[in-house]
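Me: I am new to this structure. Please take one part, the place where the two chains meet, and walk me through it closely, along with the core behind it.

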Amino acid sequence: MNDLTYLFIAFAVMWTGILGYLIRLAGLRRQLEERIDRFEERIIVRDLEDA
Amino acid sequence: MNRKIDIILPAITLLAILAALAGAFLLAPTEKTMGDVQRIFYFHLASAAAAFASFTCVLISSIAFILRRETVWDNIATSAAEVGVLFTTFVLITGPLWARPVWGQWWVWDPRLTTTLILWFLYTGYLVLRQTIPGYRGAMAGAVFAILAYVDVPVVYFSVSLWRGIHPQVLGGGGGLDPGMVPPLLISVIAFLLLSAVLIQERLNLANAMDRVDRIAVALEDVEQ
């Protein structure tokens, strides 16, 4: 491997890592939104039952 | 979640990253003996600076948690630890990629490399601890562990002068850094510090929101019973 290959691999690994971490955060955000949606459904069902 | 800092900080960070890339690839002079592979240095050292800053944030928030017992400090500590481990991983990957063509080996058990690997294990251990012990007990155990783990940060920094290895001492050691390399290095360090702040901020926002949802879940169950 020449110098530029090592440089490219280092560069690619780093930015892929940062992208991967951002994807992980997006995944956690989606899980949170799904939980909030389920709460909203439960609240709606409870309100309907109360009515 | 739509506070000004959540918009302004990522925008400034993006500009700083673009400036850092331009600095490392266009502005910085090519090192005479190592050639282009030396440009890894601008990301390698900046990642180390971001990792150290993140672990300092873990230390401060862990002390604050022990003193104030507020969940937000535990959330800051775990968010910063995650980001610190991410940047330490970059240090441990970019280092060998730079070492192989320059030293002829991927890894040597040099004091700087060994203590950095220990640092990675310590904070990965901290994250495992926080995942395995939930609630207040886990937060308190994590805070104590984080304070003890931080001892390795100055050890990593001073390892080059404490025990003579083959890792060069760039800062404060008369490392013979070309004056043309200083501005791109500074830009890169600032960009990575900003990037770590953005990632910690994003992770913290999520952790705080998760706590709020947990509290709502408990309240909802109380109402339903």
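Reply: What follows covers the contact between the chains, then the core, then single residues.

This is a predicted model, in which local features need pLDDT of at least 70 and side-chain atom pairs count only at pLDDT 80 or more, while totals for chains, interfaces and linings use all residues. Residues are numbered from 1 along each chain as its sequence is written, chains are lettered from A and ligands numbered from 1 in the order written, and side-chain values use heavy atoms, with hydrogens and water left out.

Start with the interface. 38 residues of chain B are in contact with 26 residues of chain A (contact means heavy atoms within 4.5 Å). The area buried between them is about 3000 Å², and carbon and sulfur atoms give 78% of that. Buried area is the accessible area (1.4 Å probe) that two parts lose on being put together, summed over both. B:L206, B:V213 and B:L220 supply 18% of the area that chain B buries against chain A, more than any other three residues.

There are charged links too. The count between chain B and chain A is 3 salt bridges (a side-chain nitrogen of Lys or Arg within 4 Å of a carboxyl oxygen of Asp or Glu). A:R29 forms a salt bridge with B:E202, with the closest N and O atoms 3.3 Å apart. On chain B, α1, α2, α3 and α7 each give two or more residues to the side that touches chain A. α7(B) gives the most, with 15 residues. Helices here are DSSP runs (H or I, at least four residues), numbered from the N terminus.

Now the core. A nonpolar core is a set of buried Ala, Val, Leu, Ile, Met, Phe, Trp, Tyr and Cys residues joined through side-chain atoms within 4.5 Å. Buried means under 20% relative accessible area (1.4 Å probe, protein chains only). The largest such core has 59 residues, and B:F55, B:V58, B:F87, B:Y123 and B:F192 touch the most other members. α7(B) gives the most to this core, with 12 residues.

Next, two single residues. B:L9 lies in α1 of chain B. B:L9 is buried, at 16% relative accessible area. B:L9 and B:L194 are 185 residues apart in sequence, yet 7.6 Å apart in space, C-alpha to C-alpha.

B:R39 sits in the loop between α1 and α2 of chain B. B:R39 counts as buried, at 6% relative accessibility. Its side chain reaches the backbone oxygen of B:A24 at 2.8 Å. Leaving out residues up to four places away in sequence, B:R39 touches residues including A:L7 and B:F25.

Notes
Buried < 20%, exposed > 50% of the residue type's maximum accessible area, 1.4 Å probe, protein only. Polar contact = N/O pair within 3.5 Å; in protein donor to acceptor, adjacent residues only side chain to side chain.
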